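Work through the exercises below with the structure in view. Try each task before you read its solution.

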Amino acid sequence: MKFIQAKHIISHYSNGQHWFGWNYNMNIYKGCCHGCIYCDSRSECYQVYDFEQVRAKENALGIIDNDLKSKRKKGIVGTGAMSDPYNPFEKEYQLTRGALKLVLKYQYGVGILTKSDLVLRDIDLFKAIKKQKEAMVNFTITTFDDSLCKIIEPNVSLTSERFKAIKILADNQIFTGVLIWPILPFINDHEDNIRNIIKEAKRNGASFVIPYFGVTLRQNQRDYFFNQLDKKFPGLKDRYIHVFGNQYECLSPNHKRLYNVFEEECRHLNLVYKMTDIIDKLKSTRGMKQLSLFDR
Ligand code: SF4
């Protein structure tokens with residue numbers, strides 16, 4: 001793995017109202033080798049060239065230590081929006097694990113977004129963080145079907161493995177949920193897929209699900225996606241071009257129906273699915289802190 005220079009790794013503070021209550025963003029790695037055909041982080045506007053080559057920030061843990069020490073406000077440090085923090089290199093380099101130890105040391109909360117069950121290695125740290133602040137682990141799950149998963153997300157834990165990981169986390173009282181996105185028009189945008197993901201999420205102990213019934217396409221990321229369609233779904237590129245042209249937002253033609261199905265299942269199974277409710281539910285898990293104070 002290559003290393004690159006960075007001055008800071010933890011972002012400026014934000015109020016966290018829009019994205020799972022996370023106040024800070026952290027990207028230890030640059031690029032991702034998980035190969036999801038729809039990945040938005042490939043877009044030119046982010047300037048991550050050679051996207052599939054994972055690079056780590058040199059002296060990442062020293063920089064994170066300084067960043068966390070110097071912040072005025074505590075909050076939730078989220079990671080996983082631009083690059084999966086549990087890529088295969090993490091097994092050896094343990095930079096995400098090192099960052100979690102610092103999050104614990106400086107009494108922040110943590111939010112993870114991943115598609116890898118390597119995250120289970122760090123349950124001990126999530127449990128420790130949860131005693132003082134919030135700890136949440138989110139999985140993206142786009143298809144219930146492992147064979148389709150292997151085609152559209154080729155280098156990462158299968159859907160069934162992600163569900164098993166959710167169960168283990170939930171059994172350990174870690175707040176966990178499922179991001180059902182992107183839903184790719186004409187590929188995984190069917191009712192059964194949505195119903196099955198929600199049911200399996202509930203069965204395995206997820207606390208929430210949240211959807212987006214479409215995919216965004218732009219710049220070189222669109223080119224990459226179309227190239228993958230040519231290889232893996234011959235003929236489908238032309239349908240995308242016909243229906244969406246150069247649009248950035250490509251909603252499934254079924255999106256209204258799918259949302260109704262989604263909402264009906266969530267209500268039926270009593271699963272939280274709106275961002276504000278998810279944030280409220282996450283904050284309520286901080287009760288562990290009070291219990292531990294009374295226990296002393
Ligand atoms: S795991 Fe996330 S960052 Fe990595 S390729 Fe897939 S969508 Fe992109």
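## Exercise 1: The neighbours of one strand

Phenylalanine 139 stands opposite valine 178 in β8. This is a predicted model.

**Task.** Find how many bridges join β7 to strand β8, and in which sense the two run. Then do the same for strand β6 and β7.

**Solution.**
- Step 1. Start with β8, which covers residues 175-180. Five bridges join β7 to β8, and the two run parallel.
- Step 2. Turn to β6, residues 109-114. β6 and β7 also pair in the parallel sense, over five bridges.
- Step 3. Pick a pair between β6 and β7 to look at. Leucine 113 stands opposite asparagine 138 in β7.
- Step 4. Check how covered β7 is. The strand spans residues 135-140. Five of its six residues are buried, so by the cut-off of 20 or more other C-beta atoms within 10 Å each of those five qualifies.

## Exercise 2: The sheet as a whole

**Task.** In what order do the six strands of the open sheet lie? Which are the edge strands?

**Solution.**
- Step 1. Read across the sheet: β2-β5-β6-β7-β8-β9, with parallel pairing.
- Step 2. Look at the ends. The edge strands are β2 (24-25) and β9 (208-211), and each pairs on one side only.
- Step 3. Add the helix. α4 packs on the sheet and touches β6 and β7. Its direction makes about 135 degrees with that of β7.
- Step 4. Trace the connection. β6, helix α4 (residues 123-130) and β7 make a right-handed β-α-β unit.
- Step 5. Go to the β9 side. Four bridges join β8 to β9, which run parallel. Isoleucine 180 has proline 211 in β9 as its bridge partner.

## Exercise 3: The three-stranded sheet

**Task.** What is the strand order in the open sheet of three strands, and what kind of pairing does it have?

**Solution.**
- Step 1. The order is β1-β4-β3, and the pairing is mixed.
- Step 2. β1 (2-4) and β3 (29-30) are the edge strands, each pairing on one side only.
- Step 3. Three bridges join β1 to strand β4 (residues 55-57), and these two run parallel.
- Step 4. Locate one facing pair: lysine 2 stands opposite arginine 55 in β4.

## Exercise 4: Two residues, buried or exposed?

**Task.** Is phenylalanine 225 buried or exposed? Is proline 211 buried or exposed?

**Solution.**
- Step 1. Place phenylalanine 225: it is found in helix α8 (residues 219-232).
- Step 2. Count its neighbours. Phenylalanine 225 is buried because 23 other C-beta atoms lie within 10 Å.
- Step 3. List contacts, leaving aside neighbours within four places in sequence. Phenylalanine 225 is in contact with Ile37, Tyr38 and Leu217.
- Step 4. Place proline 211: it is found in strand β9.
- Step 5. Count again. Proline 211 has 21 C-beta neighbours inside 10 Å, so it counts as buried.
- Step 6. Not counting residues up to four places away in sequence, proline 211 touches Ile180, Trp181 and Phe262.

## Exercise 5: Backbone details in the loops

**Task.** Which peptide bond is cis, with omega near 0 degrees? What phi does glutamine 94 have, and what phi does asparagine 270 have?

**Solution.**
- Step 1. The bond from tryptophan 181 to proline 182 is cis. Proline 182 is found in the loop between β8 and α7 (191-203).
- Step 2. Glutamine 94 has a positive phi of about 55 degrees, although it is not a glycine. Its place is in the loop between α2 (90-93) and α3 (95-105).
- Step 3. Glutamine 94 has 15 other C-beta atoms within 10 Å, so it is partly exposed.
- Step 4. Asparagine 270 is not a glycine either, and its phi is positive at about 60 degrees. It lies in the loop between α10 (255-269) and α11 (275-284).
- Step 5. Asparagine 270 counts as exposed because it has 7 C-beta neighbours inside 10 Å.

## Exercise 6: Around the ligand

**Task.** Which residues surround the ligand? How many are nonpolar, polar and charged?

**Solution.**
- Step 1. Name the shell: Cys32, His34, Gly35, Cys36, Cys39, Ser41, Ser83, Asp84, Lys115 and Val156.
- Step 2. Sort the shell by class. It has four nonpolar, four polar and two charged residues.

Key
Residues are numbered from 1 along each chain as its sequence is written. This is a predicted model: local features need pLDDT of at least 70, side-chain atom pairs count only at pLDDT 80 or more; totals for chains, interfaces and linings use all residues. A residue is near a molecule or strand if its C-beta atom, placed from the backbone, lies within 6 Å of it. Ala, Val, Leu, Ile, Met, Phe, Trp, Tyr, Cys and Pro count as nonpolar, Asp, Glu, Lys and Arg as charged, and the others, Gly among them, as polar. A residue is buried if 20 or more other C-beta atoms lie within 10 Å of its own, exposed if 12 or fewer, and partly exposed in between; C-beta atoms are placed from the backbone. Two strands pair if DSSP finds at least two bridges between them. A crossover is right-handed if, with the strands pointing away from the viewer, the path from the first strand over the helix to the second runs clockwise. Two residues are in contact if their C-beta atoms, placed from the backbone, lie within 7 Å. Axes are lines fitted to C-alpha atoms, for helices over the stretch in contact, and angles run from 0 to 180 degrees between N-to-C directions.
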